[in-house]
Every structure is written in structure tokens, then in C-alpha cells.
Amino acid sequence: MEMSTAPHAQFRETLADSGLQDAIYSATGRLMEKRLATIRPDVLPDYQELRERAGALKKLAIENLDYYLEQFESNVEARGGRVVWCRDAGEAAEFLVKLAREKDARLLTKVKSMTTEEIGLNEHLQQHGLEAVESDLGEFIVQLARSRPYHIVAPALNLTRYDVADLFTRTLGVERETVPENQTKIARRVLREKFLAADIGISGANFLVADSGAVVLVTNEGNGRMCTTLPRVHVAVAGIEKLIPRAQDLAVFLKLLGRSATGQPLTVYTSFLAGPRRANEADGPGEFYVLLLDNGRSRLLADREKRQSLYCIRCGACLNHCPVYRKIGGHNYPWVYSGPIGTVISPQFLGIAHDPWLPFASSLCGACAEVCPVKIDLPKLILELRGEVVKAQSREGASRLERLGFRVWSWLMRRPKLYELAGMMGSLVLSGSGDGKWLRGVPFPLSAGPLKAWTSVRDLPPLPSRSFRQMWRTRQAGSR
Amino acid sequence: MPARVSLFVTCIVDQLFPEVGLAAADVLERIGYTVDFPEKQTCCGQPAFNTGYRDEAREVACHCLEVLAGADYVVVPSGSCASMITHHYDELFARDPARLEAVRRLKPRVWEFSKFLLEVAGVEDVGARYDGVVTFHDSCHGLRELGIKEGPRRLLGRVQGLTLREMDIPEECCGFGGTFSVKFPSISGGMSRTKIESIVKTGADAVVGVDASCLLQLRGALSRDGLPIRALHLAQVLAAH
Amino acid sequence: MSRDHVLHKVRTALGRSAGQPPAPLPEARLAVPDMDMETRLSQFASALEALGGVFHRASSPDDARSRVASLTGGRPAVASNAAFLRECGISSLPGVRSGLEDEAELRRLCAAADFGITSAGFGLADTGSLVMFSSGEEARMISLLPPVHIAVFPREKMLTGLDELFTVVPSPAEVTSSMVLITGPSRTADIEQILIRGVHGPGEFHVVVV
């Protein structure tokens, strides 16, 4: 009863790759430990209150989003920046291509941004002869490998130093270098030239601050500052859900973001950027654009329950704590967003028919919701989406057998006598050899259904000859 | 007159692990309760609810509500099924005011087994004896929806002869997840192996939990791997003496 | 027009109308602890050093100058135009270029210098952070391009943390187009989660508090 639409062969391939399994499990495990060390009650006693407040602020921002978008826009423009509204990926790319032509720009450097991954910006730009270079080390590696990020905050998590050595030799023409410190130096050297030569710096945004017209970026390497300091033009591409009401609210969000993502009380660089450089300032970009991207977000907003998935601040904690992500990794998810948050937003962006299996690929363990810094109720949303898939499949006449199974099940569960009888019949078929040993397989015709899937990786208990209710009757008769 | 509790044993215990239900009854009787078993009970509806079949889940939940309506206390040897009633029935009956009212009346009387012992009966030492080393698995819904963490450990701590040795990942999911286990067997199986490695490292001869479904998953994988580690419900350990 | 299209879709989804005021916000959540200067300094020092930065406590402006001098050892350095650096006599140390007005020259020198020397708007004790406000006195690239960053500031600028920063500066955008919090040396863990310092920004980071 494997879900027929899911890429099981790919799952098995990932599960069988012991090196990759170790890499995923240990990297996410370390991130879990680091997070825990920075949110323990003795170091951050108000952690739960901060989460409460962060969730409440995101809720207020999302539910009054039109107001904060306009406030943001007028504050950006009052300081000489420009806001560009984009309905979709195409409009964002089109604007950037036009801007690059106007500015006679060839080289663009980029700060890691899930939003630009979402809209495939680099590919768009490349098609127009523009070179867009990723500058976060992990993203740089991913770009050279022509791959996509494996993890929201650790994009190259799946690659070893040896993979990186091969990649650098092949793509950069450098001598094979397997020491990560030296590999980092190579990247520093290559990218330093790019930073100094770039015409336009492109970033995402961790937050957009409505009362300030500011873009907030957090990075560790300094590439974010490079891209927003050296080029003449800074363009931030951000989903409309990134709004927070006030600069002062950053005191809440910044305390949570770094801790949840990488176990840092603050990431190394937190940039609060409000418009182009001012007349009295020594340096910085002369032009400042913010692309406000819809790309399906306004559609998500219409769903009162599921709109909370737009609270996400992309910390990646739900990935690290998800036992499913930790088994299948990032590339078995159908879209750029992986893990529990990907499970929840991908079907909403792409349509549930795109990957109907996705909401079912969860044990509903709830670890994600427990660590989400903005308190998104991810398991609840996963359940909602399951219900939607079932409804849609019912309309299309798909999954007939499963539906029939649950119809029969429901009918039986409301008829205790027949339920008991069915159990007795089952125990005749699955009685085992009488020595209490569990079963390796099941006889035909049960071997075609869920029991086959069960016994593909586990043994099955033999059904006891008497159920609890039968034993209970004997017990009560004896005690009387 | 001693208080009366009604056992809601869950369909898994009824059909697969009757010894767990009997053990729970033994413990409750030993500490002075009169135990009954509402015979019309079947399932709480969770399998359908968690698979997206809300209508079917609701039908079965209605039946469950009726069966349990008259109970003073309902004791459930499963965090997951207890939580289905106390945390998810509201949502299931959001548009059915009469049943919602029935849910509100029932909820405060529904207790997961270990919570009942500690918070209602106020008993920590049930007079059990179990000679061996055990490790404890935190079942997800019990842990995260009902806050069951220290309670079972306190109960195990009072069992004569028992040594509790914690594994390094007690809170990680065993991989069961209801129909997830058969829709995604390779992932589910992989999760159980990670858990088992952690169990094996403790050197325990049994893994103890408060949810029969996790024990089904863990024991199925232990058995497949030929590992002689038992998977026991807390009630079975507390009933031993 | 995309603007109206997007806003219209958002409003429809939320059931709001143009010009409708937002739901009221709770008071900003800012709690400034009462903390004496000694505690602030020791918190700052231990947070900074945990990150791999180096903390220097200078007893006087002269002491600050000699500490900076022994760090740079006369090698090429660029100092910002901060008045405090001049007051300490740091701007005129051997090898130090300061008072630069031309941006192209500033960029060229910063790209070639071994040290970038700045002051700071504030320090944040609990995280060991510097708060840098871009201005005519403080160019952004001095704390960014050279491999070593040295920041020198007077102890009165030491705040307890983020909450105090946003209490003292409730609206950074009024002050500058760029406020940057620097918390330790540049770092990455993108290859096998191995921590490496000095990726794009400075890998060595000294803070001298006078």
C-alpha cells in the first residue's frame, strides 16, 4: 500500500547511501544541539514568551498585510528607494533584466535567498546573458554543482569536502584541495574579485520593516554586507509575507532567528538597510530597490487556517528536527522548500494535485511545531492538507480502494459484534506458528495490501487467538 | 465505595496486545479502583482522521462518544488515542454543537494511563517488581500533546529491581505514524532503525512506552533484525510483581 | 498595474478594504536589565571571546592607541573618520591611512589593507556585538574588506543588549541608511559543518573598550 504517486525508489536510494545518511543525520543533529544550548531556560528564560510574541506579531502583520505593505512602500520611497511590485517570477526577472540593461550591468552578486531560488532567478538572468554569482559559500558550491539547496540554512549539507574538492577542480580550474579551510580561501579569493567588480547586488530579506522601510539581512560570512555595500545598486527580492510592523519588534525576532537556525544568539552580521546611501554617508549603494513578490502568496492568504504558513521566517529548525527530513534529505522534496515547512507550503503554491503524496510523508510526530519560533502549527496544517487531497481524489475517482477500505472500516467500527467477529476471522488467518514468533510475511491475499508494506521492513505480530474483550469476559466471569 | 474507571483499551490493544489491557486493569485494581470495560468500544477514529478521511473519522468518533458517555473516568493505555479524544474531537465536531458539548463533557474525564495514576490516583509506587534494565521511549503525541515526560519515569523509578537507562534520543519518533508506516515503509523502517540503534546502545533488555502503536513498530523492527530486546507497555512493567 | 493587482488580491483574501486601519499592536517587547558597567564589560568580553574575537580593555586613550599600534605593527591599515579614533591618536599611527574622502580611493585602500580600524555606535554586552551606523565618519567597507577589524570605543557606549539598543534607537532608519550589528569574526560552517573563520569579512576581530 505504498503511496503510488511518491518517488519511493528515490527514497530508497537516499536511505541506502550510508555516507549521505550520516551527513544528514549528523549535520541536523549538530544544529539541534546548538539550538538547544542557546534556548535553555537558564540562558534564555523568556524563550517561550518570545515565541508567543513572535507568532502574535506575524499573525498581526499577515492579517493586516495590505496596510503594512503600503506603509513599507511609502517609507522606502520617502528615503529615496523604490518598491517594485511583482505578481510572479516573470515580473521580478523582467524588472531585473531591464534594470541591468539600464545600468549597463554585466555582473550581479547574490546573497543567499530562498525567495530567489523559488523563482529560479539565476536561470532567468542567465538566459539574458547576465552573470549572477551566488556568494554564500554553500550557495556558491550549489551553484557550481548546478544543483539546488539541500537545506534552507545549510545548502550544501549533502556534499563532503571531497565532493567540493572535485567540484572546485572541475569548475574553477584550481588544484585539488580537500582541506575545508583552504577551500574557503579559494572561494574567498574568487568571490572577492566578483564583489569588487559587481554592478548590482541582489539579496533576499529576512524581514521587511514596515515603520522604517528597511530590509533586514542576517548572514555569517559577510557576503551579505559585500553585496549590499560595494555595488552601485542594491536590489532586495522579498515575498510579501516578510513584513513585520516595527523596527523595535526586531528585538523579538532577532533573538529567535539565529538561535533557531544555527544556535547563535545573533548571526555575525545583521544588516538593517533603509534606502540608498544618504548624502552624508561615506559609501554604500546609490540605488535601492525592493521587489515585493506575490507569486501565489495572496492566494494562500485567503485560507484562514493555512495562512499561518506565511509566518515562516525560514530558520530551518523544523527540517533539523524532522525525522522524515533526516531520512530523505532535501532533494526528495518536490520543490525548493523542504522538510515540514516545505510539506505545508509546496502543495499550497503548486496545487495539491502536483504531489498528492507529500502531506502524507509525515509521521505527525509534532517535533516541528515544538521548535517553530513563530509557532506555526505544522502538524495541523499537514492534516488539513491530507483532508484536501482525499477530497480532491474522491472527486476524481482516485484512490478508490483506500476509500472503500475506510468506508468498510467505519461501518465495522460502529458494529462492535461484527468488529469482534472480523477480529476472530483475522486471528485464524494470522495466527502464526503458535510459538509467539512474529511473522515475516503474510499469506495471499493479504500480501497485496498494507500488510505487505508493513512486512517489507518489519515483522508482524501474530493475532492472539482471543482478543482483549474475550479475555475480559473470562476474567470477569472468574472473579465473580 | 471505590471509584470506578472505564478502560478504553484502543483497537490495537484489543486486537493485538490484549495483555497490555489486562495489565492496565490489574494495576488499577491493585491500587483500589473498580475497573469496567464498556463492551461496545472499538476505535477512537484516529486512523481515518490522520489519513484525511474526516467523515469516516467523525462517524467512528460519534460511536466512541456514545460508548464512553456514562463513564466517571476513562483510562486509555495510549497517549495518542487519549489525545485524539481530548485534542482533536473538538475540531472534528466543530460544526456539530450537540456533539461538541458531549466532547466538552467527556474530555476532562479521559486520562492516559500514566497520567491517571499520578494525577488522579496520586500513586507513584504501585508495588511492582521487574528485574532488569529498561529504557523509555517517549511517544510523540503523549509527549507533545499531553506533556507526558517525567511521569512514566517516576513510576518506573519506584519499581523494585528495575534500572532505567536513558537512550540518547528518547524523544525521536519511532517511525510508526499510523498509515504513514505502510504508505512510506522505507522511511518508516529507516526511522525505526535509528531508534533501535539508540535503544541497543543502552544495553537495556526492554524498551518501555505508553503507546502500543509505537511498541508494535519497535517490536516489529526488533524482531526483523533478530534482536532479543522486548518492547513493553508501561502497564506491563507496573503489573509485574 | 501589478501594485494594485497585488494589493487588491491581498485585501480580498483578508477581507479588508483600502485605507482600513490595522488591528492594534501590543506595546513593543523591550526589557532593559539594570546592569552595572563592570558586568556589562565582562559579559561583552566573554561573549566576544566565545566567538573567537579578542577583547582589550584600555585604561586610557593612550593605552588604546598603544594597543592598536602593537596590533598593527606599522602594517597598512585604514582608519575611519571617527572623532574618537582621532582623540585617541589612532588615526595618526604609522601605517594608518585616515581622513579619506574619495570613495574609489577608500575602496582601493581597504581592499589592500591588512587592518580596518573603526569606532562603533554601541556595544551590546549580552551578545558581544558592535553596532555600526553608516555615516560620513564611519564608512561601511572599513569593517568589511580588510582581513582584520579593530574597533575602538568608549565604555559609555556599552549597552546591555538588543532591547536597550531598540530603546535608545527606536527607529534606526531616522539615523542612517545602514545599521549593522557585528557579532564576532566572519564565519561559515557550510562544508561538513566545520567552523571556519574569515570567509568574506574579517577573520580576526579585536574590540578595544576604553
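Two strands count as paired if DSSP finds at least two bridges between them. Keep that rule in mind for the second stop of this tour through a predicted model.

**Stop 1: the whole assembly**

Colour by chain to begin. There are 2 pairs of chains in contact, and chains A and C share the most contacts. Now hide chain A for a moment: no contact joins chain B and chain C, and their closest C-alpha atoms lie 21 Å apart. Bring chain A back before moving on.

**Stop 2: chain A against chain C**

Select the residues on both sides of this interface. You should have 93 residues of chain A and 71 residues of chain C. Together the two chains bury about 7,300 Å², with carbon and sulfur atoms giving 56% of that area.

Next, zoom in on strand E9 (residues 269-273) of chain A and strand E9 (residues 178-182) of chain C. These two strands run antiparallel and are joined by 5 bridges, which satisfies the rule of at least two bridges. To get your bearings, pick A:Thr270, whose bridge partner in E9(C) is C:Leu181.

Then show side chains. Between chain A and chain C there are 13 salt bridges. A good one to display is A:Asp46 with C:Arg29, where the closest N and O atoms are 3.2 Å apart. Polar contacts link 48 residue pairs between these chains, both residues being at pLDDT 80 or more. On the chain A side, highlight helix H10 (residues 180-197), which gives the largest share of the surface touching chain C, 10 residues. Colouring that side of chain A by class gives 46 nonpolar, 21 polar and 26 charged residues.

**Stop 3: chain A against chain B**

Swing round to the other interface. Here the contact takes 66 residues from chain A and 66 residues from chain B. The buried area is about 5,900 Å², and 61% of it comes from carbon and sulfur atoms. Show A:Trp438, A:Arg458 and A:Phe468 as sticks: they supply 12% of the area that chain A buries against chain B, more than any other three residues.

How many salt bridges cross the interface of chain A and chain B? The rule finds 11. One to label is B:Asp26 with A:Arg475, with the closest N and O atoms 2.5 Å apart. There are also 33 residue pairs in polar contact between the two chains, both at pLDDT 80 or more. Among the chain A helices that each supply at least two residues to this side are H18 (378-396), H19 (400-413), H20 (416-429) and H22 (468-479). By class, this side of chain A has 34 nonpolar, 13 polar and 19 charged residues.

**Stop 4: inside chain A and chain B**

Colour chain A by domain, using 46-160 + 195-298 for domain 1 and 422-479 for domain 2. Their centres, taken over C-alpha atoms, are 57 Å apart.

Now do likewise for chain B, with domain 1 at 4-119 and domain 2 at 125-239. The centres of these two domains are separated by 21 Å. In chain B, 30 residues of domain 1 are in contact with 25 residues of domain 2, and the two domains bury about 2,200 Å² between them, 68% of it on carbon and sulfur atoms. Select B:Phe17, B:Arg30 and B:Leu118, which supply 21% of the area that domain 1 buries against domain 2, more than any other three residues.

Finish with the polar side of this boundary: the rule finds 0 salt bridges between the two domains of chain B, but 13 residue pairs in polar contact, both at pLDDT 80 or more.

Note on methods. Residues are numbered from 1 along each chain as its sequence is written. Chains are lettered from A and ligands numbered from 1 in the order in which they are written. This is a predicted model: local features need pLDDT of at least 70, side-chain atom pairs count only at pLDDT 80 or more; totals for chains, interfaces and linings use all residues. Side-chain values use heavy atoms; hydrogens and water are left out. Contact means heavy atoms within 4.5 Å. Buried area is the accessible area (1.4 Å probe) that two parts lose on being put together, summed over both. A salt bridge is a side-chain nitrogen of Lys or Arg within 4 Å of a carboxyl oxygen of Asp or Glu. A polar contact is a pair of N or O atoms within 3.5 Å; within protein, one must be able to donate a hydrogen and the other to accept it, and residues adjacent in sequence count only if both atoms are side-chain atoms. Helices (H or I, at least four residues) and strands (E, at least two) are DSSP runs, numbered from the N terminus. Ala, Val, Leu, Ile, Met, Phe, Trp, Tyr, Cys and Pro count as nonpolar, Asp, Glu, Lys and Arg as charged, and the others, Gly among them, as polar. Domain bounds come from an automatic or database domain assignment.
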